[in-house]
Amino acid sequence: MKKKIVAIVLALVLVASFAACAAPAATTPAAAEKPASGNPVVKIGVYEPASGDNGAGGKQETLGVEYANSVSPTVEINGKTYDVQLVKVDNESSNDKAASAASTLVSAGVSVVLGSYGSGVSIAASPTFEAAGIPAIGITCTNPQVTEGNKHYFRICFLDPFQGTVLANYAFSTLGVKTAYCLSKLGDDYSGGLVNYFVKAFEALGGTCVQDTFPDGNSDFTSYINNAKNSGAQVFFSPVSTEAAQLIIDQAESQSLGMPILAGDTWDSNVILQAAKGKSVSVTVTTFYPEGANAEFDAGFKAWVKADATQLANNGGDDTVAAVTAMGYDAYFFALEAMKKAGSIDPAAVMAAIWGTTYEGVSGPIALDQVNGDAIRNTAYVKHANNETGAWDALPPVTIG
């Protein structure tokens, strides 16, 4: 009897052991990714900063993609319905972390990548996407180097040569200033590039520019504000991150800057509105989309973002519609159109299809040139921060060419 009991116990142990060994088979990635709908899955990579200097803007851009996914969580490709899964990574606003974050998306098996807010991290991740044969669609990365000389990185926004020209013309012709102080972050592709294009355009008009740079990690802008005042400049141009922008606004107020501040699309954020409210600073920015341009989109996004505390926090704590959010929304649907056109979720097929993809977005019609895969856009929207209401006042848009 004792031998029988031992035999039974051993048999039970063996069964348990086999069950334990077999358990992981039910939780393999393929099984875990199969949605309740039973539809196959197509993955879209969201390559954005959720931390670092550009974390605030990256979160708002990501919200646009997430909202679009909530509106259209499936896509019909070649007669088959796919569930769209967003795979998000935080590139931490860091060029040094860019390749690692990009590799995570490659390993996840995404068909296309959207992002990033920030030209530097887009440029730094580009070789990783190229080596993997995965197309990337820039949402608001405006530096020409993102797409220049390659066939895998595209973009749906205007470029810095255009934006710099718009800002230079606004400063010289609308504000009537002849000397501009230009401040960028040392080693930053976006702010350094946009300042460069502004300077070229402003000096071509007959103006004079005084240029300055600050190092990474700087939080005291007092000396730069004093440099601007002592230079004889009549406008302060600094298209830097929202994190630096808040400090500049606060210190411009305390140091009585006494001249208008101009910036590019990175300053188009409720973070900037909150920083400027109640202060005597004058802030004007160029951007991709003005709130109110598409009432249906604005209303839908506002309702969606207020329905979730995390979403609201990621939008800066209120329901302001940032231009980067509208652009993220458009980028998602542009990517879906590219996959439909390809008739496939294979990255190579999607990449080939992107060149001929068009989409009527909330930010306007999107079509790409056939040289670099850049959006054909020639209009920038101009906004001025209302220090009393804490909202943007829309100024006349600028169209060139």
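**View 1. Asn54 counts as buried, at 14% relative accessibility.** Buried means under 20% relative accessible area, exposed means over 50%, and partly exposed is in between (1.4 Å probe, protein chains only). You'll find Asn54 in the loop between β1 (41-48) and α3 (55-71); the helices (H or I, at least four residues) and strands (E, at least two) are DSSP runs, numbered from the N terminus. What does Asn54 touch, not counting residues up to four places away in sequence? Pro49, Ser93, Tyr117, Gly118 and Ser241, where a contact means heavy atoms within 4.5 Å. Keep in mind that this is a predicted model, where local features need pLDDT of at least 70, side-chain atom pairs count only at pLDDT 80 or more, and totals for chains, interfaces and linings use all residues. Residues are numbered from 1 along each chain as its sequence is written, and side-chain values use heavy atoms, with hydrogens and water left out.

**View 2. Val121 sits in helix α5 (residues 119-132).** Is Val121 buried or exposed? Val121 is buried, with a relative accessible area of 4%. Look around Val121 and, not counting residues up to four places away in sequence, you'll meet Tyr47, Asn91, Ser93, Ser94, Asn95, Ala98 and Ser116. Asp96 is 25 residues from Val121 along the chain, with 8.2 Å between their C-alpha atoms.

**View 3. A cis peptide bond runs from Gly115 to Ser116.** The omega angle here is near 15°. Ser116 belongs to the loop between β4 (112-114) and α5. Ser116 has turned up before, as one of the residues that Val121 touches.

**View 4. Asn78 and Ser93 both have a positive phi, though neither is a glycine.** For Asn78, phi is near 55°; for Ser93, about 60°. Asn78 lies in the loop between β2 (74-77) and β3 (80-90). Asn78 is also exposed, with a relative accessible area of 68%. Ser93 has its place in the loop between β3 and α4 (95-108). Ser93 is a familiar name by now: among its contacts are Asn54 and Val121.

**View 5. Phe297 and Phe301 form a stacked aromatic pair.** Rings of Phe, Tyr and Trp (its six-membered ring) pair if their centres lie within 6.5 Å; planes under 30 degrees apart count as stacked, over 60 as edge-to-face and the rest as tilted. These two rings are 6.3 Å apart, centre to centre, with 20° between the planes. Both residues belong to helix α11 (residues 295-306), and they are four residues apart, about one turn of the helix. Phe297 is buried, with a relative accessible area of 4%. Phe301 is buried too, with a value of 0%. Zoom out a little: Phe297 and Phe301 belong to one aromatic cluster, along with Tyr67, Tyr289, Trp304, Tyr329, Tyr332, Phe333 and Tyr359. How many aromatic pairs turn up in a search of the whole structure? The total is 23.

**View 6. Lys178 lies over the face of Phe172.** The distance to look for is 4.6 Å from the ring centre. To qualify, NZ of Lys or CZ of Arg must be within 6 Å of the ring centre and within 35 degrees of the ring normal.

**View 7. Leu175 is found in the loop between α6 (160-174) and β7 (179-185).** Leu175 is partly exposed, with a relative accessible area of 32%. Leave aside its neighbours within four places in sequence, and Leu175 is in contact with Tyr170, Val235, Pro260 and Leu262. Met259 is 84 residues away from Leu175 along the chain, and their C-alpha atoms are separated by 11 Å.

**View 8. Pro347 belongs to helix α14 (residues 347-354).** How far apart are the C-alpha atoms of Pro347 and Val113? They are 9.8 Å apart, while the two residues are 234 residues apart along the chain. Leaving aside neighbours within four places in sequence, Pro347 is in contact with Val110, Ser111, Gly133, Ile134 and Pro135.

**View 9. Back to the whole protein chain, with its 14 helices and 15 strands.** Its C-alpha atoms fill a box of roughly 100 × 50 × 40 Å, taken along the principal axes. Of the 401 residues, 50% are buried. Among contacts between residues at least 6 apart in sequence, 68% join residues at least 24 apart.
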